[in-house]
Amino acid sequence: MTRTPDFHLNRPGALIAALPAVLGFVPEKSLVLVTIDRGELGCVMRVDLSDDLADTVEHIAEVAAAARPDSAIVVVVDADGAACRMCNDEYRELADALTDCLAEHGIELYAAHVVDKVAAGGRWHCVDGCGSSGTVDDPASSPLAMAAVLDGRRLYARRADLQGVIDIDRVRSAEVAAKIEELTAARTPTDASSEIEHAIDAAARVAAGEDLSVDVLARLGTALSDYMVRDTLYALAVGENAEQAEALWGLLARTLPEPWRIEPLVLLAFSAYSRGDGPLAGVSLEAALRADPTHRMAGMLDTALQSGLRPERIRELGITGYRLADQLGVDLPPRRLWGKRAG
């Protein structure tokens, strides 16, 4: 969920320009539903345009209703269909269906727009033929884009680039898988304290630009199957070295085989969510739940993300990790004072 007092929801050109900052990437061939909560930008959902999209509007409305917004705005991004009259008729029917579904949840569809591209100079017009049209502001100059940069968030040109943060390196993953087989066959007992300290050290090494060996990657992967290790390491997301830990979770997500990569994916999602990066949290949770739909933490975070739960509420979960560290006698980096960037 994103809020800013300087954002004008009644200016379609500005609203559309802000979408890359909210989504984390520039949407293409997409339907974007922007919810409005007490006059401010609320949760933002995106789905691919498809032939069966009309069959999913009820589900879209249900997800949007979880955050209990007052109203919503639809933006259809379609370079090919924006100037197509027949396509526009289909989008109007889609908007009508969404209007009815949202109304069942007490949500008013405030407006629906079609735009050819989310870029400076892109052309938008209203779906219902109201006659309103205009150009898109420069996304790079959007107040939300500036805020994202100040918060340290990276904005991606395409969703595929965002997805690349967690895409598996098949060659490296196969090498690590073989080593994990050796470690699990040896059945060596895990000492939670030493494994936590090893993970913290590995995170610092990754942040310093070092390449981790197959042996180290395999050790980290197997250690995360120990719930004491895993649950304690959630605390790193709210610590002063959170960026180091997040870099490690991203590396493990790309290099560990399944099912070992699931825990790093969820740790990455928690870290991203804690600092307000919903797009990265979303793709990480999607991958984790695709591999294990029953994963409790992934399911809980996904529900929280879709319902618009604020990051500060999610950070409270990291406190449990500090309690576990105290029990194990492990020193973790001090907790971050949010509102001030570490370092």
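Are Tyr 234 and Phe 270 buried or exposed? In this predicted model, both Tyr 234 and Phe 270 turn out to be buried. These residues also turn up together in a search for aromatic pairs: going through the whole structure gives just one such pair. That pair is Tyr 234 with Phe 270, and its arrangement is edge-to-face. A pair of aromatic rings is described by the distance of the centres and the angle of the planes. Here the values come out at 5.3 Å centre to centre and 90° between the planes. As for where the partners sit, Tyr 234 belongs to the loop between α9 (227–233) and α10, while Phe 270 is part of helix α11 (residues 262–274), so the pair ties together parts that are 36 residues apart in sequence.

Now for helix α6. This helix covers residues 170–186, which makes 17 residues. From its first C-alpha to its last, α6 reaches 25 Å, close to the 24 Å expected at 1.5 Å a residue. Which residues of α6 are buried? They are Ser 173, Val 176 and Ile 180. Looking down the axis of α6, these buried residues fall within an arc of 65°, so they line one face of the helix. What do the buried residues of α6 pack against? Their partners are α8 (214–223) and α10 (242–255). Flip to the other side of α6 and the picture changes: Val 171, Glu 181, Ala 185 and Ala 186 are exposed there. Right after α6 comes Arg 187, which has a positive phi, near 55°.

Key
Residues numbered from 1 in each chain as written. Predicted model: local features only at pLDDT ≥ 70, side-chain atom pairs only at ≥ 80, totals over all residues. Heavy atoms only, no water. Helix = DSSP H or I, 4+ residues; strand = E, 2+ residues; numbered from the N terminus. Expected span 1.5 Å × (residues − 1). Buried < 20%, exposed > 50% of the residue type's maximum accessible area, 1.4 Å probe, protein only. Arc of directions from axis to C-beta. Contact = heavy atoms within 4.5 Å. Phe/Tyr/Trp six-rings, centres within 6.5 Å; stacked < 30°, edge-to-face > 60°.
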